[in-house]
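Work through these exercises with the model open. Try each task before you read its solution.

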Amino acid sequence: MSVEDLPRKESTVLKGHDGAVLGVRFNTDGNYILSCGKDRTIRLWNPHRGIHIKTYKSHGREVRDVHFTPDNSKLCSCGGDRQVFYWDVATGRVIRKFRGHDGEVNAVKFNEYSSVVVSAGYDQSLRAWDCRSHSTEPIQIIDTFADSVMSVCLTKTEIIGGSVDGTVRTFDIRIGRETSDSLGQPVNCISMSNDGNCILAGCLDSTLRLLDRSTGELLQEYKGHTNKSYKLDCCLTNNDAYVTGGSEDGYIYFWDLVDASVVSRFRAHTSVVTSISYHPKENCMVTASVDGTIKVWKT
């Protein structure tokens, strides 16, 4: 994949949110996206046709993160009202509300079986919730962090959290072991490489850091963008060749994974680029901004 193949051409602008859009996520096959924002809503879109399909309303405050199950039948969401919501996509009905976080909830993810939701909170904890049980109590609480947990990733056997305390911590659920990698700067986003070998961590010193998952070694640093006060997403392109992320000045950056050079940067939004999601198979991505818009980018 060459730099020319990167999605830098604005294909569609999706409007509907009233106020800042805080998260945008492709589904597993890349045909749909979910967005969430300050207006307390979650919205389902077909980004390729520019169509708004459905709005999900039940949160009492802003919605900070949202995630699809692999089969698209359910979604989970979280935000300022301290709750994790588990929804039926087709009917728009809330199936369950998980309460227990003692503060705003920053991030949510399903496990690959869609049976568990893991949430990351301002209360310095990660909590795991059983979607199939009628209990609203968490099945696991991880509270070894020293500050707010901003982001979470899951593998088959591990829960990985990124925190303002400057650490990325990995919890092996099978053996109950925790490993901690200290980056020395507040971490506000983590995402995994597609091969599963690396973690990309966005830090509040305007630097993205790439970690080797097995050793914790710092492999590379990516700079040029501005990230000092907002929670911004970062991720790798679907072939792991490039790193991409938003900036507080409205720009999108692409870096070469290996040598960390900026291979492309362009003005995407009129305000902070809060969220970015890369298509699982195609050269396409979606971005979201404080300016209230979601944009679809293609080659």
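**Exercise 1. A cysteine and its surroundings**

Is Cys 131 buried or exposed? Keep in mind that this is a predicted model.

Solution. Start with the cut-off: buried means under 20% relative accessible area. Next, take the value for Cys 131, which is 4%. That is why Cys 131 counts as buried.

**Exercise 2. Counting disulfides**

Find how many disulfides the model has.

Solution. Step one is the rule: the two cysteine sulfur atoms must lie within 2.5 Å. Step two is the count, and it comes to zero disulfides. Step three is to check Cys 131: its nearest cysteine sulfur belongs to Cys 76 and is 7.2 Å away, and Cys 131 is in no disulfide. Step four is to check Cys 153. Its closest cysteine sulfur is in Cys 189, at 7.5 Å, which is too far for a bond. Cys 153 also counts as buried, with 6% relative accessibility.

**Exercise 3. The sheet with E1**

Work out which strands stand at the edges of the sheet E1-E28-E27-E26.

Solution. First, read the order: four strands, E1-E28-E27-E26, make an open sheet with antiparallel pairing. Then look at the edges. Strand E1 (9-14) and strand E26 (273-278) each have a single partner strand, so each has one side without a neighbour in the sheet. From one strand to the next, the twist averages 25 degrees. Now zoom in on one pair. E26 pairs with strand E27 (residues 284-289) over five bridges, in the antiparallel sense. Across this pair, Val 273 faces Ser 289 of E27.

**Exercise 4. A second open sheet**

Repeat the search for the sheet E10-E11-E12-E13: which strands stand at the edges?

Solution. The order E10-E11-E12-E13 describes an open sheet of four strands, with antiparallel pairing. The edges are strand E10 (105-110) and strand E13 (140-142); each has a single partner strand, so one side of each lacks a neighbour in the sheet. Here the twist averages 20 degrees from one strand to the next. For a pair inside the order, take strand E11 (residues 116-121) and strand E12 (residues 126-130): five bridges join them in the antiparallel sense. Ala 120 has Leu 126 of E12 as its bridge partner.

**Exercise 5. A covered strand and its partners**

Describe how strand E16 is covered, then trace its pairings.

Solution. Begin with burial: six of the six residues of strand E16 (residues 167-172) are buried. Now sort the directions. In a regular strand, side chains alternate between the two faces of the sheet. In E16, Thr 167, Arg 169 and Phe 171 point one way, while Val 168, Thr 170 and Asp 172 point the other way.

Next come the partners. Strand E15 (residues 158-163) pairs with E16 over five bridges, antiparallel, and Gly 161 stands opposite Arg 169. The E15 and E16 hairpin has three residues between the strands, and Gly 166 takes a positive phi near 90 degrees. E16 also pairs with strand E17 (residues 177-182), antiparallel, over six bridges. There, Asp 172 has Arg 177 as its bridge partner. This hairpin has four residues between its strands, and Gly 176 in the turn has a positive phi of about 70 degrees.

**Exercise 6. One more hairpin**

Why is strand E18 largely enclosed by the rest of the structure?

Solution. Count the buried residues: five of the six in strand E18 (residues 187-192) are buried, so the strand is largely enclosed. Then find the partner. Five bridges join E18 to strand E19 (residues 198-203), and the two run antiparallel. Ile 190 has Ala 201 as its bridge partner in E19. Finally, look at the hairpin: five residues lie between the strands, and Gly 196 takes a positive phi near 80 degrees.

Methods. Residues are numbered from 1 along each chain as its sequence is written. Side-chain values use heavy atoms; hydrogens and water are left out. Two strands pair if DSSP finds at least two bridges between them. Axes are lines fitted to C-alpha atoms, for helices over the stretch in contact, and angles run from 0 to 180 degrees between N-to-C directions. Buried means under 20% relative accessible area, exposed over 50%, partly exposed in between (1.4 Å probe, protein chains only).
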